[in-house]
Amino acid sequence: MAKSIQVEQGDITTYQVDAIVNAANTTLMGGGGVDGAIHRAAGPALYAACEQFHGCPTGEARITPGFKLPAKYIIHTPGPIWRGGQNGEPELLVASYCNSLKLAEHYHCRTVAFPSISTGVYAFPVERAAQIAIKTIREFLANSHWVQQVIMVAFDPATKAAYQKALLT
Ligand code: ADP
């Protein structure tokens, strides 16, 4: 199978892939946005599994089973909160994508779906986030063994357009 990056609009909780990524917060104990949707869909066992981690620093990643989700695994990564861009936000966003993909590779995942990390409540500008995401995923795929297909799942048309544009550059 050839390696690929795809951009789609949809609800990431419905994706039957090896791993979906959760744009978590550093407590890993659930929140709003995609995090809340994933916890609702996966069921209370996810909360119990996340409790064991005692949180996760921004830019790192942790893995749990998918529980009631169609995905086999959930990779949880707290992306950076945008504070103007001079506080390491771009590097931390690279780290979130990179560390999530490393975990996916370690767990022999072939297909991985990402939401648009940090561009919701965390207010990272979506065009810039999309360029960082696509570049980081591309570089990772060039050397991955297991990870073959990465799907960027946008929740709204503007987000989808930003990632489609980044894919063309
Ligand atoms: P962050 O705190 O990292 O900014 P958010 O969950 O607030 O995370 O937003 C990240 C992105 O996820 C936003 O573009 C938001 O619209 C999107 N999103 C929310 N729910 C879902 C979902 N069910 N599937 C995919 N993306 C979602």
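# Rings, a loop threonine and two spaces

User: Why is Tyr97 called buried?

Analyst: The relative accessibility of Tyr97 is 0%, so Tyr97 counts as buried, a word for residues under 20% relative accessible area (over 50% is exposed, in between is partly exposed; 1.4 Å probe, protein chains only). This is a predicted model, where local features need pLDDT of at least 70 and side-chain atom pairs count only at pLDDT 80 or more, while totals for chains, interfaces and linings use all residues. Residues are numbered from 1 along each chain as its sequence is written, and side-chain values use heavy atoms, leaving out hydrogens and water.

User: What makes Tyr97 and Phe114 a tilted pair?

Analyst: Rings of Phe, Tyr and Trp (its six-membered ring) pair if their centres lie within 6.5 Å; planes under 30 degrees apart are stacked, over 60 edge-to-face, and the rest tilted. Here the centres are 4.8 Å apart and the planes stand at 40 degrees, so the pair is tilted. Tyr97 sits in helix α3 (residues 89-106) and Phe114 in strand β5 (residues 111-114), 17 residues apart. Both elements are DSSP runs numbered from the N terminus (helices: H or I, at least four residues; strands: E, at least two). Phe114 is buried too, with a relative accessible area of 0%.

User: How do you know that Thr13 is buried?

Analyst: Its relative accessible area is 10%, so Thr13 belongs with the buried residues. Thr13 lies in the loop between β1 (4-9) and β2 (19-24).

User: What makes the link between the side chains of Thr13 and Asp11 a polar contact?

Analyst: The distance is 2.7 Å, and a polar contact is a pair of N or O atoms within 3.5 Å (within protein, one must be able to donate a hydrogen and the other to accept it; residues adjacent in sequence count only if both atoms are side-chain atoms).

User: Why is the space lined by Glu127, Gln131, Ala162, Lys165 and Ala166 called a cavity?

Analyst: On a 1 Å grid over the protein atoms alone, a cavity is a set of points where a 1.4 Å probe fits but cannot get out, and lining residues have an atom within 4 Å of a point. The largest cavity holds about 40 Å³, a volume being the space filled by probe spheres set on grid points joined across faces, edges and corners. Within its lining, α5 gives the most, with 3 residues.

User: And what does the largest pocket offer?

Analyst: Its volume is about 530 Å³. A pocket is an open set with protein on both sides within 12 Å along at least five of seven lines. The largest share of its lining, 4 residues, comes from α1.
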